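Reader: I would enjoy going through this model with you, one question at a time. Could you show it to me before we begin?

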Amino acid sequence: MFSSLQAAIAAAETQGSSLARVALDAEARDQGRSVADIRSALRRALDIMRGAVERGMRGDLRSASGLVGGDAAKLRDGPPGPLAGTLFRDVLARALAVQEVNAAMGVIVAAPTAGGAGVLPAVLTGLAASRAIDDDRLVDALATAGLIGAVIAERASLSGAEGGCQAETGAAAAMAAGAATEMCGGTPAQAGHATALAMQGTLGLICDPLGGLVEIPCVFRNATGAAIAMAAIEMALAGIEFRIPVDEVIDTMGEIGRSMDVRYRETAGGGLAATPTGRRLTRERLVQLKKT
Amino acid sequence: MVSLLDIIGPVMVGPSSSHTAGACRIGLLGRSLVGGTPQRARLELHGSFARTGEGHGTDKALVGGLLGFKPDDERIRDALDIADREGLAYRVEKTTIDEDAHPNTVRLTLERDDTTVELVGESLGAGRVRLTRIDGFPVEVSGALWTIVLVARDQPGSIARICGILADEGVNLATMRVSRKERGGDAFMVLELDDPPGDQALTQIRTLEWVRMTRALEKVAG
């Protein structure tokens with residue numbers, strides 16, 4: 001697999017093909033599998049993602065601690081805001097839905113991780129539903145997202161414990177932005193700008209879950225991560241270019257992660273987890289968990 | 001090498017790839033080491049596993065793995081009740097294994113019929129795992145390949161003989177690690193394979209007079 005997104009973009013441009021194509025070819029070569037075989041594995045991931053969106057939208061799930069659940073349904077059925085009736089609101093609801101399923105021990109695709117699993121399905125399936133994009137193109141988009149994630153894994157990190165939330169929902173937003181830009185007709189270069197634009201918007205984001213559980217703020221970070229991805233897609237398709245090359249933006253995320261205080265890396269020792277209310281909720285809910 | 005399907009995956013029961021999916025895979029490896037569902041299991045959780053395991057369903061995922069459930073099996077949610085029904089008596093404890101142990105570490109002591117195995121496993125993130133000890137021997141098992149674990153008398157030619165049996169079956173050896181506690185004592189071998197070992201190869205290895213124990217571990221990841 002590529003360890004530079006710029007190299008992958010250059011390869012796609014030379015071949016006159018797409019990032020999805022170069023990603024599938026590289027994976028086939030690395031793993032000794034056929035492209036058809038890889039596509040069918042990605043197709044299964046797509047089916048699971050759709051199932052999680054649908055399951056979460058029903059609104060009847062609650063997490064182990066009882067702190068999370070039912071908010072996706074509020075976005076679907078609740079009072080209108082400025083985004084009422086738009087694709088944008090639908091994408092936010094889908095992101096919450098997948099994370100609510102995750103928090104309730106339902107089945108999801110960790111893409112790239114369980115904590116950031118809502119962003120990619122929300123953006124891709126939301127866009128596909130509103131624009132009648134077929135499953136073949138969605139599978140291509142998952143391949144592009146996988147390529148971007150692999151580059152981030154290689155150059156920076158995909159672990160909140162190593163790099164904070166920028167390495168989980170931030171990486172997910174970058175993957176979704178690049179993949180969806182290509183899926184919507186953007187060039188490989190535009191997909192690269194979308195990836196950089198999304199990632200710059202999440203640089204420095206800490207991982208501060210209450211009680212260390214993948215619940216608060218993780219569920220909501222997936223919705224705001226999806227929002228950043230949507231903003232990046234819109235800017236990139238409009239022809240906006242980000243002046244720092246995408247590999248350097250990814251390297252920056254890695255550098256920030258390495259110098260991030262341990263309190264902000266999934267230890268529940270800082271950020272929202274360490275607020276008076278965060279500590280109180282953690283205490284109360286964990287006590288309640290033990291009783292059940 | 002990073003694979004696309006590691007990034008877009010695994011498909012798993014939430015909420016955490018390290019605390020749930022990884023824990024389940026360690027359970028699955030433990031299950032293969034005793035050759036099936038154990039009757040008794042002691043689960044000692046260390047670090048973040050001990051602190052946040054309950055809310056992440058780490059106990060359910062470990063027990064689910066011992067019952068043979070894969071990380072995407074929704075029965076993991078009810079694994080503790082299913083264990084009660086299936087005669088798996090488990091005990092979950094919190095412990096400190098070692099000051100510098102990985103934050104997500106568990107020690108499992110498993111009993112099935114007359115076999116007892118003690119193993120230490122780490123969950124490294126994104127569902128990747130590593131067993132670091134089996135019965136006190138230092139090992140490195142990822143579960144990403146088919147693995148054979150065996151205890152043999154430490155004598156010249158033993159490694160060559162076992163590799164020969166596998167080569168005759170066309171099984172390619174990916175990694176191999178041999179350790180022992182003393183010269184001439186028991187040698188502990190861990191072989192990771194690109195292909196699943198056939199029953200014939202396993203039977204041949206098991207019938208070697210100087211091999212005391214052989215276990216084939218399922219591939220649980222990748």
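Reader: Happy to start with a pair of strands. Which residue of β7(B) does B:Leu131 stand opposite?

Author: A friendly reminder before the answer: this is a predicted model. Strand β7 of chain B covers residues 137-141 and runs antiparallel to β6(B), with three bridges joining the two. Within that pairing, the residue of β7(B) opposite B:Leu131 is B:Val141.

Reader: Which residue in the turn between β6(B) and β7(B) has a positive phi?

Author: These two strands form a hairpin, and two residues lie between them. One residue in the turn has a positive phi of about 50 degrees, and that is B:Asp135.

Reader: And on the other side of the story, how many bridges join β5(B) to β6(B)?

Author: Strand β5 (residues 115-125) and strand β6 (residues 128-134) of chain B form a hairpin with two residues between them. In the turn, B:Ala126 has a positive phi of about 55 degrees. Along the strands, B:Val120 stands opposite B:Arg133. The two run antiparallel, and the number of bridges joining them is six.

Reader: Let us turn to the open sheet of four strands. Why is one side of β9 and of β11 in chain B left without a neighbour in the sheet?

Author: The order of the strands is β9-β10-β8-β11 in chain B, with antiparallel pairing. β9 (173-180) and β11 (211-217) each have a single partner strand, so one side of each has no neighbour in the sheet: they stand at the edges.

Reader: Which residue of β10(B) is opposite B:Leu173?

Author: β9(B) is joined to strand β10 (residues 186-193) of chain B by seven bridges, and the two run antiparallel. Opposite B:Leu173, β10(B) places B:Leu193.

Reader: Which strands does helix α6 of chain B touch as it packs on the sheet?

Author: Helix α6 spans residues 158-168 of chain B, and its direction makes about 30 degrees with that of β10(B). The strands of chain B that it touches are β8 (146-153), β9 and β10.

Reader: Then there is helix α7 of chain B. At what angle does it run to β11(B)?

Author: This helix, residues 199-207, lies across β8 and β11 of chain B. Its angle to β11(B) is about 160 degrees.

Reader: Now for helices against helices. Is α2(B) roughly parallel or roughly perpendicular to α3(B)?

Author: Helix α2 (residues 17-34) and helix α3 (residues 48-56) of chain B have their axes 10 Å apart and pack at an angle of about 90 degrees. Angles of 65 to 115 degrees count as roughly perpendicular. That angle therefore makes α2(B) relative to α3(B) roughly perpendicular.

Reader: How many polar residues does that contact of α2(B) with α3(B) have?

Author: From α2(B) come B:Ser18, B:His19, B:Thr20 and B:Ala23, while α3(B) brings B:Ser48, B:Phe49, B:Thr52 and B:His56. By class, there are two nonpolar and no charged residues, and the number of polar ones is six.

Reader: In chain A, is the crossing of α7(A) past α12(A) left-handed or right-handed?

Author: Helix α7 (residues 135-155) and helix α12 (residues 246-258) of chain A pack at about 50 degrees, with their axes 9 Å apart. That angle makes α7(A) oblique to α12(A). As α7(A) passes α12(A), the crossing is right-handed.

Conventions: Residues are numbered from 1 along each chain as its sequence is written. Chains are lettered from A and ligands numbered from 1 in the order in which they are written. This is a predicted model: local features need pLDDT of at least 70, side-chain atom pairs count only at pLDDT 80 or more; totals for chains, interfaces and linings use all residues. Side-chain values use heavy atoms; hydrogens and water are left out. Axes are lines fitted to C-alpha atoms, for helices over the stretch in contact, and angles run from 0 to 180 degrees between N-to-C directions. Angles under 35 degrees count as roughly parallel, over 145 as roughly antiparallel, 65 to 115 as roughly perpendicular and the rest as oblique. A crossing is left-handed if the near helix is turned anticlockwise from the far one by less than a right angle, and right-handed if clockwise. Two strands pair if DSSP finds at least two bridges between them. Contact means heavy atoms within 4.5 Å. Ala, Val, Leu, Ile, Met, Phe, Trp, Tyr, Cys and Pro count as nonpolar, Asp, Glu, Lys and Arg as charged, and the others, Gly among them, as polar.
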